[in-house]
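Here is a short note for a colleague who is opening this structure for the first time. Please read it with the model on screen.

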Amino acid sequence: MSLTVKLHITNQLNLNLGQTSIINKTKFYTPRIRTKPIYHSNPLISTTSYNNKPITTMHVPSYSSSIKSSLIDPDGGALVDLVVPERERAKKKLEAEALPPVRLTKIDVEWVHVISEGWASPLRGFMRESEYLQSLHFNCLRTESGSLVNMSLPMVLAIDDDTKTRIGSSPNVGLVGPNGDLVGILRSIEIYKHNKEERIARTWGTTTPGLPYVEEVITPAGNWLVGGDLEVLNPIKYNDGLDHYRLSPQQLRKEFDRRQADAVFAFQLRNPVHNGHALLMNDTRKRLLEMGYKNPILLLHPLGGFTKADDVPLDVRMEQHSKVLEDGILDPETTIVAIFPSPMHYAGPTEVQWHAKARINAGANFYIVGRDPAGMGHPTEKRDLYDPDHGKKVLSMAPGLEKLNILPFRVAAYDTVEKKMAFFEPSRAKDFLFISGTKMRTYARTGENPPDGFMCPAGWNVLVKYYESLQAEEALQQQAVLTS
């Protein structure tokens with residue numbers, strides 16, 4: 001039987017996990033009208049009242065001999081799997097070869113990977129126009145049952161005029177990878193206009209020049225979008241030595257079951273892990289244990305798709321993450337490190353909804369969100385592109401994410417007195433040093449060491465070696481230019 005512990009509302013502040021919302025336990029979700037926004041939601045604690053006085057109720061899970069980590073249903077009730085069964089692949093390949101071809105870019109293939117494994121469940125292919133418009137204007141899709149699922153980013157495939165002409169009236173097309181290999185089939189297609197300006201404005205809230213994904217993907221893309229049902233001939237592999245980290249939502253759920261997790265908290269990042277991150281993740285696990293969970297598992301889930309040019313490359317980040325576990329900064333027994341295959345948009349509060357929704361499908365029922373999630377500096381002005389607090393506020397109110405427990409960051413910084421990363425204390429603000437990702441990369445690039453206790457030494461050495469190799473490569477290029 002579940003144990004319910006009642007606390008006075010002031011005790012809620014001591015949890016440092018923010019205000020609360022009550023999760024809807026039904027399978028599908030419809031938008032709810034809230035008279036007042038609920039920020040920093042932590043549905044482990046629900047607010048009730050007695051004699052007109054607020055009381056918090058903390059829900060502690062009950063346990064049985066067999067714990068299943070299907071702690072949260074995937075959107076739509078079942079994970080989508082669009083990879084063709086092995087026994088049917090030869091036949092499907094012959095069919096694909098005879099269809100009008102659509103050439104995919106490297107980033108298109110990353111989206112094929114995302115959609116085919118069920119990260120975007122219940123989406124079953126690149127969006128047709130009705131799905132695209134719902135995603136673009138409402139940040140969600142309405143299912144056949146009438147329920148809503150969050151879908152904040154359009155997942156679309158662009159084609160040019162020549163490709164549209166080649167397709168003609170064919171209802172199906174073959175998808176061809178950048179190297180000419182057959183990737184899959186798109187069935188029952190619909191071709192519609194690609195209004196780039198509208199897409200950019202709605203997704204990023206600006207059309208300012210210098211947005212990395214826009215310049216890399218949208219600006220050079222064709223003026224048409226083609227949507228349809230996706231079939232993938234083989235599981236997507238990159239053969240870069242990191243494929244063993246690319247666990248699908250189905251594989252992650254099985255691993256959570258194997259470890260008998262009773263809570264899964266996901267942490268996404270696109271930077272190396274420093275000791276402030278580790279402090280936050282370890283503190284989150286400690287608090288979940290205090291709430292009555294027996295085996296919370298951390299999903300350390302770095303983004304593995306497209307990132308902007310000055311971000312640390314994926315292979316370097318993964319090596320650095322492995323050193324963090326080897327040095328015991330994070331516990332390998334309670335941590336799963338896996339790659340999230342999505343490309344990065346840097347679209348702030350719009351994109352962070354996608355990041356959270358994908359972790360629902362992977363089986364995580366807690367999501368840690370920090371300052372300026374999925375954000376970046378303004379491309380042409382010296383300021384953040386988005387308000388740094390809006391991401392976590394939006395997550396607490398987003399339609400379709402009600403069943404996910406949102407855990408906001410506690411702010412960590414380098415404590416110059418204690419000589420370690422610690423949670424920021426406003427009462428002695430002068431004792432704390434904030435080291436941004438940009439500052440961290442500058443340290444490594446210039447060979448300057450960060451303060452002791454900022455990052456594990458082995459992890460820091462990975463970054464230093466990477467930037468040294470970059471400098472050596474740049475020197476060779478300059479020498480080649482001078483001698484040519």
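The points below go from the whole chain to its sheets and then to its aromatic rings.

1. Status of the model. This is a predicted model. Please keep that in mind for every value below.

2. The chain as a whole. The protein chain has 14 helices and 18 strands. Of its 484 residues, 53% count as buried. The accessible surface of the chain comes to about 22500 Å². Carbon and sulfur atoms hold 50% of that surface.

3. Contacts along the sequence. Take the contacts in the chain with a separation of 6 or more. Residues 24 or more positions apart account for 74% of them.

4. The parallel sheet. Five strands make an open sheet, in the order β13-β12-β11-β14-β15. Their pairing is parallel. Which strands stand at the edges? They are β13 and β15 (405-408), and each pairs on one side only. Neighbouring strands in this sheet are turned by 25 degrees against each other on average, with direction ignored.

5. Inside that sheet. Strand β11 (residues 263-267) pairs with strand β12 (residues 296-300) in the parallel sense, over five bridges. One residue pair to look up is F267 with its bridge partner L300 in β12. Helix α9 (residues 275-290) lies across β11, β12, β14 (366-369) and β15. The helix runs at about 160 degrees to β11.

6. The mixed sheet. Another open sheet has five strands in the order β4-β8-β9-β10-β7. Here the pairing is mixed. The edges are β4 (101-103) and β7 (158-159). Each has a single partner strand, so one side of each is left without a neighbour in the sheet.

7. Inside the mixed sheet. Three bridges join β4 to strand β8 (residues 173-176), and the two run parallel. P101 has G174 as its bridge partner in β8. Helix α3 lies across β4, β9 (182-193) and β10 (224-232). The angle between α3 and β10 is about 50 degrees.

8. Aromatic pairs. The count comes to eleven aromatic pairs. One of them is W111 with W354, a tilted pair. The ring centres are 6.3 Å apart, with 50 degrees between the planes. This pair links distant parts of the chain: W111 is in helix α3 (residues 106-117) and W354 in helix α11 (residues 348-362), 243 residues apart. Are these residues buried or exposed? Both W111 and W354 are buried.

9. An edge-to-face pair. W119 and F340 have ring centres 5.3 Å apart and planes at 65 degrees, so this pair is edge-to-face. Why does the pair tie together parts that are far along the sequence? W119 lies in the loop between α3 and α4 (129-138), and F340 in the loop between β13 (335-337) and α11, so the parts tied together are 221 residues apart in sequence. W119 counts as buried, at 0% relative accessibility. F340 is buried too, with a relative accessible area of 0%.

10. The cluster. W111, W119, F340 and W354 form one aromatic cluster. It is worth viewing these rings together.

11. Charges over rings. R359 lies over the face of F340, at 4.0 Å from the ring centre. Elsewhere in the list of residues to view, K164 lies over the face of W224, at 4.6 Å from the ring centre.

How values were computed
Residues numbered from 1 in each chain as written. Predicted model: local features only at pLDDT ≥ 70, side-chain atom pairs only at ≥ 80, totals over all residues. Heavy atoms only, no water. Phe/Tyr/Trp six-rings, centres within 6.5 Å; stacked < 30°, edge-to-face > 60°. Helix = DSSP H or I, 4+ residues; strand = E, 2+ residues; numbered from the N terminus. Buried < 20%, exposed > 50% of the residue type's maximum accessible area, 1.4 Å probe, protein only. Lys NZ or Arg CZ within 6 Å of the ring centre and 35° of its normal. Pairing = 2+ DSSP bridges. Axes fitted to C-alpha atoms, helices over the stretch in contact; angles between N-to-C directions. Contact = heavy atoms within 4.5 Å. Areas by Shrake-Rupley, 256 points an atom, 1.4 Å probe, with all protein chains shown as cover.
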